[in-house]
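The following exercises ask you to read a protein model step by step. Attempt each task before turning to its solution.

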Amino acid sequence: MLCLAAGLCTPYARAETAEPYFPPGTWWSPGFKWSQEKSDVFHQDWFGGQLAAMQEAPLWTASEADASGDVIRLLFSPTFSRPSVLRLTKAGTGDYLYDFRQSDGAGGYDPGQLVVQDQGRLTRDQADQLEGLLAEVQPLTLDPDVTGKPDADGSTLVCFDGSGMVLEVRLSGIYHAAERHECEMPKDSPLRQLTWFFNEISEGRLITVGTF
């Protein structure tokens, strides 16, 4: 299935850092219409540009000391509304700390600038819910990018303007990232449920009404 997330034909969001946000080849697979280099540059500019605008650091290049704890980060990117990111870090005590950030841009074409930042701690019930959702999603085995892989019969599904998300995890020192457009996530899918859980943690600020 080839799913074209909104923004492929819009000007790229320019990342403000030379350090790549994703490992080379993260979003590329044999048969994809672009070269690996072009795919890397595109995702660095688009999603990396939004993360840079919200002053988030790359997860996969963290130092050994910084990489010791588990981190789950979800970037929510609606085409015409504000991008948001929520990062959860597991502390040595087993508690999860959250950091929510939002820019004043638009996910499809403008990274904007950081305008909202909020931090806090998950309750025990929320932490249990998170771990249950992660067990269902299994983020370390999620296909990083299905957008370059047509169906077996060669047919394609084109998703126009809408919301996309990038889920990054660093669990037990292993980094993984996956991208999805909303049309790739059925209403009852664990990944969509995880996205709504992140929205709950952000007190409804992650997902703009009517965008997901």
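The model is predicted: local features need pLDDT of at least 70, side-chain atom pairs count only at pLDDT 80 or more, and totals for chains, interfaces and linings use all residues. Residues are numbered from 1 along each chain as its sequence is written, and side-chain values use heavy atoms, with hydrogens and water left out.

**Exercise 1. Determine which elements the protein contains and in what order they run.**

Solution. Step 1: identify the elements as DSSP runs, helices being H or I of at least four residues and strands E of at least two, numbered from the N terminus. Step 2: count them, which gives three helices and six strands. Step 3: read from the N terminus, where the order is α-β-β-β-β-α-β-β-α.

**Exercise 2. Describe how helix α2 and helix α3 pack.**

Solution. Step 1: locate α2 at residues 124-137 and α3 at residues 190-201. Step 2: take the axes, which are lines fitted to C-alpha atoms over the stretch in contact, with angles from 0 to 180 degrees between N-to-C directions. The angle is about 155° and the axes are 9 Å apart. Step 3: classify the angle; α2 is therefore roughly antiparallel to α3, a term for angles over 145 degrees (under 35 is roughly parallel, 65 to 115 roughly perpendicular, the rest oblique). Step 4: list the contacts, meaning heavy atoms within 4.5 Å. Residues of α2 including L130, L133 and L134 meet residues of α3 including L194, F197 and F198. Step 5: sort the residues of this contact, which divide into ten nonpolar, three polar and two charged. Here Ala, Val, Leu, Ile, Met, Phe, Trp, Tyr, Cys and Pro count as nonpolar, Asp, Glu, Lys and Arg as charged, and the others, Gly among them, as polar.

**Exercise 3. Decide whether L75 and L206 are buried or exposed, and name residues that they touch.**

Solution. Step 1: recall the cut-offs: buried is under 20% relative accessible area, exposed over 50%, and partly exposed in between (1.4 Å probe, protein chains only). Step 2: place the residues. L75 lies in strand β1, residues 71-78, while L206 is found in the segment after α3. Step 3: apply the cut-offs. L75 is buried, with a relative accessible area of 2%, and L206 is buried at 0%. Step 4: list contacts, leaving aside neighbours up to four places away in sequence. L75 touches F47, L51, M54 and M165, among others; the contacts of L206 include L74, F76, F100 and F198. Step 5: compare sequence with space. L206 and S77 are 129 residues apart in sequence, and their C-alpha atoms are 9.2 Å apart.

**Exercise 4. What is the sign of phi in Q55 and in S172, and where do these residues lie?**

Solution. Step 1: note the general rule that most residues other than glycine have a negative phi. Step 2: read the values. Q55 has a positive phi of about 60°, and phi of S172 is near 50°, also positive. Neither residue is a glycine. Step 3: place them. Q55 lies in the loop between α1 (36-53) and β1, and S172 in the loop between β5 (163-171) and β6 (174-181). Step 4: check exposure. Q55 is exposed at 55% relative accessibility, and S172 is exposed at 67%.
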